[in-house]
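This report covers salt bridges, surface patches and overall make-up, in that order. Please keep the structure open while reading.

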Amino acid sequence: MSSDLGPEPHHQPPVLPYAEAEELARRHGMTQVAVRPSLGSYIKEIWLYRHLMWSLAKGEVVSQHRDNYLGILWSVINPILLGVAYYLIFGQLLGLSRDVDNFVAFLTVGLFTFSFISATLTSGARSLLGNVGMMRSLAFPRVLLPVVKVISEFVNNIPAFLVLVVIALITEEPVTWEWLLFPVALLIVVVMGLGIAMLISRAVHNVRDLANIVPLITRLLRYVSGVFFSIQVRFANIDDAPRWVGLVLEYQPVAVSLTLVRETLLEGFELRWETWAVAAGWAVLLFVAGFVVFWRGEGTYGRA
Amino acid sequence: MAVPEAIGGAAPTIDGERIPSVIVSHVDIRYRIYGSPKRPEESEEEGAVRRLLSRGSQAGLGVQEVHAVKDVSFVAYRGETIGIIGRNGSGKSTLLRSVAGLVPPSSGTIWLGGRAALLGVNAVLQKKLSGRDNIWIGAQALGLTPAQVRRRMDDIIEFADIGDFIDLPMSSYSTGMAARLRFAISTAVVPDILIVDEALATGDEHFRARATERIEEIREQAGTVFLVAHSRKRINQLCTRVLWMDGGRLLGDGRPSVVNGLYGRKYGRHRQVWKERYEEIERVMTEQGPEAARELLRRWEPEGNW
């Protein structure tokens, strides 16, 4: 095969030694490509690209709903159908509805909030590897990719969240001032989701096999986070369980998020400062950790 | 201290004032490819079980590395139009993506003196979104503010020349239409470094003419243009310098006629003739010394600097 080819040139093109190249670049004030910017300039860069972030998020939402007749209606229909199924299986068949006063509202708040959190996990995991093509065509701070996923998932879920308010009204929850905290609680959950998405996207980018575990993680979280049962009530029924296990189950990020949202809409859940402090703490912690972890990988994304 | 001598004998230096726009120094790019473990030659007797077992024991299960760019160095200056030649899969696109800051090099360093914009056939726009939505995303990724995008929207649409399709999803576009849109977006901002990756191959005659004009404009504004093209004619028309990528290595760097000539020796019609000539030179070199070899070279390459 190679015997069919002609000769290669005698001389290799001349090469500037690295030190001289560096000196030349320095003298002309050139900037190095694909290096991690300092944290400060990374944040500044994100600010410069904020408009792009909205365009990308809008595009994400549009393209998700373009392919079917009912479009964005599906983001209401799906969770409601899921809610009905859960109500029948867990509420009636397994009798979990005895746990709490207003099981329908309890279940739907938990389910819809959890759907959003699990969506940030799944689409956050795909946000880098699913966009390699885009990363190889456009230059922008890569952190926008997981962030945009979370924003678009939130927008997708807004109709579902409005449905929650309607369900609360239908099931005769009294309208109180606490309802005003509903959006605040959602905001805290979004911040948490951003942190989760940034963490998982870098993890999956580095070790892509992790993507296979993500569905398992979301499934497990769905079962341990008290989506369709009250952790407190169920745990009180187990006599010899150590107390700290109950606390861990109750205050892990996902479970505490569900409680947080329930406290704003449901009368059976009083506002407790512990819930809010822990939830806000998780949100800040996950967000900061996620951002720093993601930033430290900037300059490596796109080669995989 | 003056700017160092021209690297690779590119466009003639008028004075010592040439300003570098891209410095590529000892760049290597390795890709990880998943799900395709390298298999040793298998003999027929090896059963399926054996194969299954041996698969697990191989280093880097299911992961293979592709060394796409091997130790490439060059310096590009403002005002140059640089053609990149090489066969398919020789690392041209990968190298240029790296120059555009889109694919981080595995080792080595790239410096840019300005902003790079890449457009290529492979540049991914969002298929499900309309052309207009894609202009928003693409133009903002190039650093335009929403106000600037709004102001240039009509220009971009006009240059792309795709009519009513602008509000239809990109999935309904023909290859040529998509290429025109990409070109229009990438040149909406005059970049300091424009990288055109075979995008002109798909357009029609009229579009190619206008694209050529725009490339000229950008070069006149002291930019640097990189151009991947398979047509020797286009390279000779447009470029002041040519880089030859071969199997990930940079084999040639210089005036188009010279590098095209070298390329032709390896792949052209007379490759066998040149092979014999080179062997002859080798032989003469060892038997009669360098002076005789140089004599031969002068005969075969009258234009060479021996």
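## A salt bridge within one helix

In this predicted model, B:Glu287 and B:Arg283 both belong to helix α9 of chain B, which spans residues 271-288. Because they are 4 residues apart in that helix, about one helical turn separates them. The two side chains form a salt bridge, with 3.1 Å between the closest N and O atoms.

The partners fall into separate accessibility classes. B:Glu287 has a relative accessible area of 53% and is exposed, because the class begins over 50%. B:Arg283, at 38%, counts as partly exposed.

## A network in chain B

Four residues of chain B, namely B:Arg18, B:Glu80, B:Arg241 and B:Asp253, are joined into one network by salt bridges that share partners. Side chains of opposite charge can pair when their charged atoms come close.

One link in chain B is the salt bridge between B:Arg18 and B:Glu80, whose closest N and O atoms are 3.9 Å apart. B:Arg18 sits in the segment before β1 (20-34), while B:Glu80 is in the loop between β2 (63-77) and β3 (81-85), so the pair ties together parts of chain B that are 62 residues apart in sequence. Are these two residues buried or exposed? B:Glu80 is buried, with a relative accessible area of 2%. B:Arg18 also counts as buried, at 14% relative accessibility, because the cut-off for that class is under 20%.

## Salt bridges elsewhere

Over all chains, a search of the whole structure finds 12 salt bridges. One of them is in chain A, where the side chains of A:Glu263 and A:Arg272 meet with an N to O distance of 3.6 Å.

A:Glu263 has 1% relative accessibility and counts as buried. Its partner A:Arg272, at 28%, counts as partly exposed.

## Negative patch on chain B

Which residues gather in a patch of negative charge on the surface? They are B:Asp154, B:Asp155, B:Glu158, B:Asp161, B:Asp204 and B:Glu205. Helix α4 of chain B, residues 146-160, gives the most to this patch, with 3 residues.

B:Asp204 lies outside the helices, in the loop between β6 (193-197) and α6 (205-220) of chain B. Its relative accessible area is 41%, so B:Asp204 is partly exposed and clears the cut-off of over 30% used for patch residues.

## Nonpolar patch on chain A

Chain A has a nonpolar patch on its surface, formed by A:Ile80, A:Val84, A:Leu88, A:Ile89, A:Leu93 and A:Leu94. Together these residues have about 570 Å² of accessible area.

A:Leu93 is part of helix α4 of chain A, which covers residues 74-93. With a relative accessible area of 69%, A:Leu93 is exposed.

## Overall make-up of chain A

What does the secondary structure of chain A come to? It comes to 13 helices and 1 strand. Along the sequence, the pattern reads α-β-α-α-α-α-α-α-α-α-α-α-α-α.

Chain A has 304 residues, and 51% of them are buried. About 14,900 Å² of chain A is exposed, with carbon and sulfur atoms supplying 66% of that area. Of the contacts in chain A between residues at least 6 apart in sequence, 78% join residues at least 24 apart.

Methods
Residues numbered from 1 in each chain as written. Chains lettered and ligands numbered in written order. Predicted model: local features only at pLDDT ≥ 70, side-chain atom pairs only at ≥ 80, totals over all residues. Heavy atoms only, no water. Patch = residues over 30% accessible without salt bridge, like charges linked within 9 Å, V, L, I, M, F, W, Y side chains within 5 Å. Areas by Shrake-Rupley, 256 points an atom, 1.4 Å probe, with all protein chains shown as cover. Lys, Arg positive; Asp, Glu negative; His and termini not counted. Charge placed at Lys NZ, Arg CZ, Asp CG, Glu CD. Helix = DSSP H or I, 4+ residues; strand = E, 2+ residues; numbered from the N terminus. Buried < 20%, exposed > 50% of the residue type's maximum accessible area, 1.4 Å probe, protein only. Contact = heavy atoms within 4.5 Å.
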